[in-house]
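Q: Please take a close look at one helix of this protein and explain how its residues are divided between the inside and the surface, and what they pack against.

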Amino acid sequence: MSAETPASREVPKENRFKVWRQTRPFWAGLFTLLGGLPIAYLPYGDMRLGNVTLAMKTTAGAGALIIGVLLITLGLTMWFQPIVRVFAGVATIVLGLVSIPVSNFGGLVIGFLFALVGGGMSIAWAPAPPIEEAVDTEDDGEPEAPAEAGAVLTAGLPEQRGPEHHATDKTIDANGGRNSAG
């Protein structure tokens with residue numbers, strides 16, 4: 001696929017953003033981006049209330065700026081590289097926790113909470129399984145189970161032993177000295 005090739009030719013133009021959004025942890029990236037903004041801005045910003053200027057500058061401003069920029073970068077990474085979503089989620093949570101002492105209580109707790117929610121959503125997100133269109137042959141009214149369904153269901157299970165097997169301390173019963181963990 002080259003850079004000139006459109007992302008998807010089959011999807012209408014009005015639905016491309018929806019399809020793009022559903023194939024990656026979009027909301028996790030958005031929450032992470034929103035968490036990085038107050039963490040990076042608040043140590044450098046000041047608020048004016050009438051004639052009174054409230055400066056929130058701290059000595060840890062550089063650390064807060066680095067944490068904020070990293071959170072923004074992790075949010076963009078969740079959008080454009082969804083394969084590293086677990087790493088990005090863990091790094092987001094760690095940076096959110098570090099922002100509490102470094103950046104004015106994590107961007108006045110707003111950035112901290114957005115970072116924790118975004119990191120948790122990134123870790124929990126999983127891509128949807130691909131939808132396969134089945135060709136119906138002889139529809140008799142009952143849904144058919146695919147042939148590999150039994151293999152898929154038992155693939156993750158360890159070998160089941162029959163009722164005649166009794167575990168003893170002998171090496172013969174331990175599969176030649178190699179014990180199984182199940």
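A: The expected span of a helix is taken as 1.5 Å times one less than its number of residues. The model examined here is a predicted one, and the helix chosen is α3, which covers residues 61-80. With its 20 residues, α3 reaches 29 Å from its first C-alpha to its last, close to the 28 Å expected at 1.5 Å a residue.

For the setting, the secondary structure of the protein comes to seven helices and two strands, and from the N terminus on these elements follow the order α-α-β-β-α-α-α-α-α. Of the 182 residues of the protein, 26% count as buried. Among the contacts with a separation of 6 or more, 67% are accounted for by residues 24 or more positions apart.

Within α3, the buried residues are G61, A64, I67, G68, L71, L74, G75, M78 and W79. They cover an arc of only 155 degrees around the axis, and therefore lie on the same side of α3. A general feature of the fold element is relevant to this spacing: an α-helix has 3.6 residues a turn, so residues three or four places apart point the same way. On the face turned away from the buried side, α3 carries the exposed residues I66 and F80.

As to what the buried side meets, the buried residues of α3 pack against α1 (16-22), α2 (26-41), α4 (85-102) and α6 (110-124). Part of this packing belongs to the largest nonpolar core, which has 10 residues in all: A28, I39, I67, L71, L74, M78, A88, A91, L95 and A115. The elements that give two or more residues to this core are α2, α3 and α4, and α3 gives the most, with four residues. One member of the core, A115, is in contact with F31, G35, L71, T92 and G96, when its neighbours within four places in sequence are left aside.

The C-terminal end of α3 also takes part in aromatic pairing, of which a search of the whole structure finds nine pairs. W20 and W79 form an edge-to-face pair, with 6.3 Å centre to centre and 70 degrees between the planes. Because W20 lies in helix α1 and W79 in helix α3, this pair ties together parts that are 59 residues apart in sequence. The two partners differ in how they are covered, since W20 is partly exposed, with a relative accessible area of 25%, whereas W79 is buried, with a relative accessible area of 14%. W20 also pairs with F80: the ring centres are 5.9 Å apart and the planes stand at 45 degrees, so the pair is tilted. Here again W20 lies in helix α1 and F80 in helix α3, so that parts 60 residues apart in sequence are tied together. F80, at 51% relative accessibility, counts as exposed, the cut-off for that class being over 50%. Ring pairs link both of these α3 residues, W79 and F80, with F17, W20, F26 and W27 into a cluster.

Key
Residues numbered from 1 in each chain as written. Predicted model: local features only at pLDDT ≥ 70, side-chain atom pairs only at ≥ 80, totals over all residues. Heavy atoms only, no water. Buried < 20%, exposed > 50% of the residue type's maximum accessible area, 1.4 Å probe, protein only. Arc of directions from axis to C-beta. Contact = heavy atoms within 4.5 Å. Phe/Tyr/Trp six-rings, centres within 6.5 Å; stacked < 30°, edge-to-face > 60°. Core = buried A, V, L, I, M, F, W, Y, C linked by side-chain atoms within 4.5 Å.
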